[in-house]
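Subject: The structure I promised you

Hi,

Here is the structure we talked about, ready for you to open. Have a look around first, then read on for what turned up.

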Amino acid sequence: MSWHPQYRSSKFRHVYGKAASKDKCYDCVPITHNINDNHFCAVNPSFIAVVTECVGGGAFLVIPIKQTGKLDPHYPKVCGHKGNVLDIKWNPFNDFVIASCSEDATVKIWDIPNQLLKRNITTPKKELLGHARRVGLIEWHPTADNILFSSGYDYKIMIWNLGVMDAVISNPVKTLDAHKDVVLSMSFNTDGSLLATACRDRKIRVIDPRAGTVLQEGSYKSHRVNKVSFLGNMKMLFSTGTSRWNNRQIALWDQNDLSVPLLEEDLDGSSGLLFPVYDSDTHMLYVVGKGDGNIRYYEISPEKPYLNYLMEYHSHLPQKGIGMMPKRGLDVAACEIFRFYKLIPTKSLIEPISMIVPRRSESYQADIYPPTAAAQPALTAEEWLAGINKGPLLVSLRPGSEAVKSLPQFPDQEPLTEATVLSQQQEEQGRISVEDKQKPREIERGRKRLKVEESLPENQQTCLSNGFDIFQCPPPKTESELLQMYYRQQEEIRRLRELVIQRDIQIKQLSLELRNLCMGTDD
């Protein structure tokens with residue numbers, strides 16, 4: 001049982017939850033009374049959005065993340081829906097774009113201004129019309145730009161390309177008809193090539209979203225699934241639900257075999273839903289209870305027992321929904337590895353909960369902050385729809401580099417322009433087959449890139465791409481692609497500099513050996 005595990009070494013063994021002080025909370029927030037089983041809250045480093053009550057339609061609030069304390073009762077709303085808002089999600093690559101879905105069977109995309117709202121926002125940037133019944137879930141694709149998934153009570157999942165110019169989009173690029181009942185949960189794997197769903201028919205499905213085919217389908221008679229989540233690249237799924245005796249239950253599955261769960265465990269007899277939240281950077285899994293104030297957290301391992309219980313955060317205030325801050329918005333100086341925003345409707349309060357690793361040192365703790373997903377897309381919508389898969393671009397959270405920005409902005413510094421010209425010249429001259437590459441040419445390229453690095457601004461944030469060779473790709477066509485190319489070149493420059501240092505050391509060692517050999521010959 002994972003409740004009483006044997007001692008095991010883990011840097012996250014003593015993680016604890018810390019509630020924010022009253023002045024760091026958001027007070028007097030009219031949180032929705034809707035009974036849907038959604039988060040009702042979305043967070044990014046700039047804003048917190050929460051579904052609220054509204055007469056004659058649906059609305060949500062968008063509050064600047066630093067505007068804590070009591071909220072003005074006349075604070076402006078985003079209120080363009082004709083029915084209750086059921087789900088909201090921030091664009092992972094743009095902190096000023098949010099999607100919402102509603103009982104009015106529409107999905108709307110909103111532009112949020114980069115300042116305090118002074119009036120209600122009623123006109124969306126885009127409106128998606130395709131579902132015949134209310135839309136209960138929306139999810140942005142994790143690596144492709146402008147790709148949005150929506151799931152409705154018409155049992156359909158629709159894939160939308162928001163890169164088109166039309167303000168009203170009526171035709172999704174793909175419609176998935178694999179379900180015979182309402183979809184309760186959607187989750188992507190790391191590169192967004194697979195979609196896992198939990199359905200009211202008690203089945204878990206793993207779907208190829210572009211082909212529209214069901215790769216795996218399974219149901220287990222003793223586990224009625226409510227929510228499902230991919231566990232990063234672990235090749236596993238995690239689900240929450242209820243047992244045949246109506247106990248709250250968790251289960252772990254092999255994504256390639258959904259016939260029998262790898263692990264199944266009853267938690268308690270409460271009736272509230274359990275939300276699974278997985279952090280692929282730390283391999284920690286958080287299980288948040290709706291209707292109670294508890295957050296259980298585990299560590300996932302690829303071998304048995306798979307699920308290792310760590311601890312539980314207790315609170316007497318029950319939560320209706322939960323929001324999660326992306327990694328780029330955490331306080332690394334306080335060793336904060338995750339942050340929840342807990343909706344407490346009985347107090348009209350949003351309370352931040354920080355998960356902290358206790359450390360004495362005040363320096364940056366690189367071992368608990370591995371490279372995390374960047375705020376830039378790895379693919380365009382057209383590339384993903386054409387069948388290309390690519391993992392997320394990764395960034396370091398180390399302080400001192402430029403702040404992680406959501407919008408792919410092109411810096412105006414002259415050094416970057418020179419670097420861009422050089423990189424384009426190198427790519428045009430270097431489009432040759434792998435067999436024609438010779439070592440002298442590689443050394444010459446390395447020297448050129450070292451010169452480029454000396455002219456680039458310091459403390460730039462590095463971006464990595466999984467197994468992607470930047471020197472064998474066509475020249476960038478947009479500013480976003482150009483900026484991504486620049487980040488990848490920075491990483492290549494760092495690798496080449498390390499290689500040059502190693503060669504220098506080898507040369508010095510050989511010189512010493514040669515000198516010793518000459519002295520021995522003279523004797």
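Let's start with a small puzzle: does N36 count as buried or exposed? Keep in mind while you look that this is a predicted model. Find N36 in the loop between β2 (26-27) and β3 (41-43). You might guess from a loop position alone, but the number settles it: the relative accessibility of N36 is 13%, and the cut-off for buried is under 20%, so N36 counts as buried. Its contacts are worth clicking through too. Setting aside neighbours within four places in sequence, N36 touches L86, R134, Y153 and K290.

**The whole protein**

Now zoom out. The protein has four helices and 34 strands. Of its 523 residues, 52% are buried. If you take the contacts with a separation of 6 or more, 55% of them join residues 24 or more positions apart.

How far can you trust the model? The average pLDDT is 84, and 83% of the residues score at least 70. Two stretches deserve some care. Residues 1-5 have a pLDDT below 50, and beyond near neighbours in sequence this stretch makes 13 contacts in the model. Residues 402-472 are also below 50, with 120 contacts in the model counted in that way.

There is also something from a database record. UniProt, in an unreviewed entry, places the feature "repeat: WD" at residues 78-112, 128-170 and 176-217. Take residues 78-112 as an example: this span is 63% strand and 0% helix, and its end C-alpha atoms lie 9 Å apart.

**Two sheets to look at**

In what order do the strands β21, β22, β23 and β24 sit in their sheet? The order is β21-β22-β23-β24, an open sheet with antiparallel pairing. At its edges are β21 (224-230) and β24 (263-268); each has a single partner strand, so one side of each is left without a neighbour in the sheet. From one strand to the next, the twist averages 20 degrees. For a closer view, pick β21 and β22 (residues 236-242), which pair in the antiparallel sense over six bridges. Across that pairing, F230 stands opposite L237 in β22.

The other sheet is open and has four strands as well, in the order β12-β13-β14-β16, and its pairing is antiparallel. Here β12 (135-140) and β16 (174-176) take the edge places, and because each has a single partner strand, one side of each has no neighbour in the sheet. Neighbouring strands are turned by 20 degrees against each other on average, direction ignored. Have a look at β14 (residues 157-161) too: β14 and β16 pair in the antiparallel sense over three bridges, and M158 stands opposite T175 in β16.

**One buried alanine**

A198 is a good residue to practise on. It lies in strand β18 (residues 195-199) and is buried, with a relative accessible area of 0%. Which residues does A198 touch, leaving aside those within four places in sequence? They are V182, V183, L184, S185, K203, V225, N226, K227 and V228. L184 is 14 residues away from A198 in sequence, yet their C-alpha atoms are 5.5 Å apart in space.

**Aromatic rings**

Last stop: the aromatic pairs, 13 by count. One of them is F149 with F188, an edge-to-face pair with 4.8 Å from centre to centre and 85 degrees between the planes. This pair links distant parts of the chain, with F149 in strand β13 (residues 147-152) and F188 in strand β17 (residues 183-188), 39 residues apart. Both F149 and F188 are buried.

Then try Y286 and F340. Their ring centres are 5.2 Å apart and their planes are at 75 degrees; edge-to-face needs over 60, so this pair is edge-to-face. Y286 is in strand β26 (residues 284-289) and F340 in strand β30 (residues 336-344), so the pair ties together parts 54 residues apart in sequence. Both Y286 and F340 are buried. Show Y297 and F338 as well, and you will have one aromatic cluster made of Y286, Y297, F338 and F340.

That's the tour. Happy clicking!

Cheers

Technical notes
Residues are numbered from 1 along each chain as its sequence is written. This is a predicted model: local features need pLDDT of at least 70, side-chain atom pairs count only at pLDDT 80 or more; totals for chains, interfaces and linings use all residues. Side-chain values use heavy atoms; hydrogens and water are left out. Two strands pair if DSSP finds at least two bridges between them. Axes are lines fitted to C-alpha atoms, for helices over the stretch in contact, and angles run from 0 to 180 degrees between N-to-C directions. UniProt positions are given in the numbering used here, feature names are shortened, and annotations may be inferred rather than shown by experiment. pLDDT is the predictor's confidence in each residue, from 0 to 100. Contact means heavy atoms within 4.5 Å. Buried means under 20% relative accessible area, exposed over 50%, partly exposed in between (1.4 Å probe, protein chains only). Rings of Phe, Tyr and Trp (its six-membered ring) pair if their centres lie within 6.5 Å; planes under 30 degrees apart count as stacked, over 60 as edge-to-face and the rest as tilted.
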